[in-house]
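Thanks for coming. I will go through one model today, starting from its core and working out to the charged pairs and the chain as a whole.

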Amino acid sequence: MKCPRCDSNNDKVIESRTLAGGASVRRRRECLDCGYRFTSYERIEEKPLLVIKKDQRREPFDRTKIERGVTRALEKRAVSRWTIEELINEIEDEAMAKGKGTGEVAASVIGDMVLEKLYKLDKVAYIRFASVYKHFENLQEFISEVNRIDCL
């Protein structure tokens, strides 16, 4: 594994953990040349999942899009990077499971999964994500969603 600091390929694994029910492995590594410690992830590569967009276009599933949205929603919130990674792994695993038979899943299904996970994790992040995902047009829609959360 190439060191992100010095580009050396000379490293050792310090610790390994399985994640997402054994579907991925997290490894802590140490560069033997510069001493820098870093983390790598290994995942099983499966048949690509296609996401069906609103306009019926299909595009390959892109984990980084979910990561970007979730990270943005959780910005400046007291949630660890580890928790965010686990949440994204869960969403990815659920999306893969839903698309198992056809190899396709609707973008709205993925968006709803993200909302559900954020709702359980952090209500502020949920509102942040929902305001973009649900395309709130005005302040009243935003307030209605906040009130709905308070009632639940």
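**The core and what surrounds it**

This is a predicted model, and I will begin with its largest nonpolar core, which has 26 residues. Ile66, Val70, Ile110 and Leu118 are the members that touch the most others. Four helices each supply at least two residues of this core: H1 (63-73), H2 (81-98), H3 (107-121) and H4 (123-133). As a general remark, nonpolar side chains in soluble globular proteins tend to be buried together.

Take Val70 as one example. What is Val70 in contact with, leaving aside its neighbours within four places in sequence? Those contacts are Ile84, Leu87, Val114 and Leu118. Leu118 is thus a contact of Val70 and, with Val70, one of the core residues that touch the most other members.

Next, the annotation. The UniProt record, an unreviewed entry, lists residues 49-141 as "domain: ATP-cone". Over residues 49-141 the chain is 62% helix and 10% strand. The C-alpha atoms at the two ends of that range are 33 Å apart.

Now the charged pairs. A search of the whole structure finds 21 salt bridges, and I will show three of them. The general background is that side chains of opposite charge can pair when their charged atoms come close.

The first on my list joins Arg57 and Glu59, with 3.7 Å between the closest N and O atoms. Is Glu59 buried or exposed? Glu59 counts as buried because its relative accessibility is 18%, and the cut-off for buried is under 20%. Arg57, with a relative accessible area of 46%, is partly exposed.

The next pair is Glu104 with Arg58, where the closest N and O atoms are 2.7 Å apart. Glu104 lies in strand S6 (residues 104-106) and Arg58 in strand S5 (residues 58-60), so this salt bridge ties together parts that are 46 residues apart in sequence. Both ends are partly exposed: Glu104 has a relative accessible area of 23%, and Arg58 has one of 41%.

The last of the three is Arg63 with Glu92, at 2.5 Å between the closest N and O atoms. Arg63 belongs to helix H1 and Glu92 to helix H2, so the pair ties together parts 29 residues apart in sequence. Both of these residues, Arg63 and Glu92, are buried. Arg63 and Glu92 also belong to a network of salt bridges that links them with Arg43, Glu67, Arg81 and Glu85.

On to the C-terminal helix that I have not mentioned yet. Helix H5 covers residues 139-151 and contains Phe142. Phe142 is partly exposed, with a relative accessible area of 31%. Together with Leu139 and Ile143, Phe142 forms a nonpolar patch on the surface, and the accessible area of the three comes to about 260 Å². Val146 is in helix H5 as well, and is partly exposed at a relative accessible area of 29%. Between the C-alpha atoms of Val146 and Lys123 there are 9.0 Å, with 23 residues separating the two along the chain.

Then there is Arg29, in strand S2 (residues 24-31). Arg29 counts as buried, at 9% relative accessibility. Which residues is Arg29 in contact with, leaving aside neighbours within four places in sequence? The list is Met1, Asp11, Lys12, Val13, Ile14, Tyr36, Arg37, Phe38, Ser40 and Glu42. Ser108 is 79 residues from Arg29 in sequence, and the distance in space is 37 Å, C-alpha to C-alpha.

Finally, the chain as a whole. How many helices and strands does the protein chain have? There are five helices and six strands, and along the sequence they follow the pattern β-β-β-β-β-α-α-β-α-α-α. The C-alpha trace spans about 60 × 40 × 25 Å along its principal axes. Of the 152 residues, 33% count as buried. The accessible surface comes to about 9700 Å², and carbon and sulfur atoms account for 51% of that. As for contacts between residues at least 6 apart in sequence, 41% join residues at least 24 apart.

That is the end of my tour; please raise anything you would like to look at again.

Technical notes: Residues numbered from 1 in each chain as written. Predicted model: local features only at pLDDT ≥ 70, side-chain atom pairs only at ≥ 80, totals over all residues. Heavy atoms only, no water. UniProt positions renumbered as here; feature names shortened; annotations may be inferred. Core = buried A, V, L, I, M, F, W, Y, C linked by side-chain atoms within 4.5 Å. Buried < 20%, exposed > 50% of the residue type's maximum accessible area, 1.4 Å probe, protein only. Contact = heavy atoms within 4.5 Å. Patch = residues over 30% accessible without salt bridge, like charges linked within 9 Å, V, L, I, M, F, W, Y side chains within 5 Å. Areas by Shrake-Rupley, 256 points an atom, 1.4 Å probe, with all protein chains shown as cover. Salt bridge = Lys/Arg side-chain N within 4 Å of Asp/Glu carboxyl O.
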